[in-house]
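Reader: I should be grateful for a close look at one part of this model, together with the setting in which that part lies. Please state the cut-offs behind each term as you use it.

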Amino acid sequence: MRELADKFHSLSPGQKRIVHLNLCEHALTTWQAFASSRWRITYADSVCGTKQTVDKSLPLDALQSARDGRDVADVDARYGEPITALHDEDLNLPESVRYAYYAIYNAFNKYARKEDVDAWLIVNQALASEADESRWPILLEEAMRLSERPS
């Protein structure tokens, strides 16, 4: 993976964006498979004690915002509570699903909110959304190959 990481770091910002969006597409499939297997995803807020329901469409809207380079569906405001719940461990998701959620959130922050998010963090999180670690290099190689195509 070290060679792939070095190759990723040598890409232009535009190419890194293509890699991120491609890997986040894969992360989105992980999220959607999980979300569609449940009628509701709920958790109890430990601070207020209130029961919360996760918006299953939020990662899709966040990825669309990242693609568009702007917040197209009030994603920023909608992410506040569930991200805090993940940090506080009120919202417990399987590891691969949690990484998918974070990868898309961080891609949203980088490309829609224009925040300085470490590029390799998004790659790591998106790859970790794939439960089969042997597929990580394959996913990254394919995403980088797509970034090298003329637009």
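Author: The account below turns to helix H6, then to its surroundings and to several single residues.

The model is predicted, so to speak of its local features a pLDDT of at least 70 is needed, side-chain atom pairs count only at pLDDT 80 or more, and totals for chains, interfaces and linings use all residues. Residues are numbered from 1 along each chain as its sequence is written, and side-chain values use heavy atoms, with hydrogens and water left out.

Helix H6 covers residues 119-128 and has the highest mean pLDDT among the elements of the chain, 98; pLDDT is the predictor's confidence in each residue, from 0 to 100. The lowest mean, 83, belongs to strand S1, residues 42-44. Helices (H or I, at least four residues) and strands (E, at least two) are DSSP runs, numbered from the N terminus. For the chain, the mean pLDDT is 93, and 99% of the residues reach 70 or more.

H6 is mostly covered, with 8 of its 10 residues buried. Here buried means under 20% relative accessible area, exposed means over 50%, and partly exposed lies in between, with a 1.4 Å probe and protein chains only. The buried residues of H6 are Ala119, Trp120, Ile122, Val123, Gln125, Ala126, Leu127 and Ala128. They pack against four helices: H1 (2-9), H2, H5 (95-111) and H7 (136-147). Contact means heavy atoms within 4.5 Å.

One of these partners, H2, spans residues 13-36 and holds His26. His26 counts as buried because its relative accessible area is 19%. Not counting residues up to four places away in sequence, His26 touches Ser129, Glu130, Arg135 and Leu139.

Beyond H2, the loop between H2 and S1 contains Trp39. Trp39 counts as exposed because its relative accessibility is 71%. The C-alpha atom of Trp39 is 10.0 Å from that of Lys56, and these two residues are 17 apart along the chain.

Two further loops each hold a residue with a positive phi that is not a glycine. Asp74, with a phi of about 55 degrees, is in the loop between helix H3 (58-68) and helix H4 (75-87). Glu89, with a phi of about 60 degrees, lies in the loop between H4 and H5. Glu89 is exposed because its relative accessible area is 61%.

As for the wider setting, the chain has 7 helices and 2 strands, in the order α-α-β-β-α-α-α-α-α along the sequence. Its C-alpha trace spans about 50 × 35 × 25 Å along the principal axes. The radius of gyration is 15 Å, which agrees with the value near 15 Å for a compact globule of 151 residues; this radius is taken over C-alpha atoms, and the globule rule is 2.2 Å times the number of residues to the power 0.38.

Of the 151 residues, 44% count as buried. Among contacts between residues at least 6 apart in sequence, 62% join residues at least 24 apart. The accessible surface comes to about 8000 Å², of which 48% belongs to carbon and sulfur atoms; such areas come from the Shrake-Rupley method with a 1.4 Å probe, and for residues only the protein chains shown count as cover.
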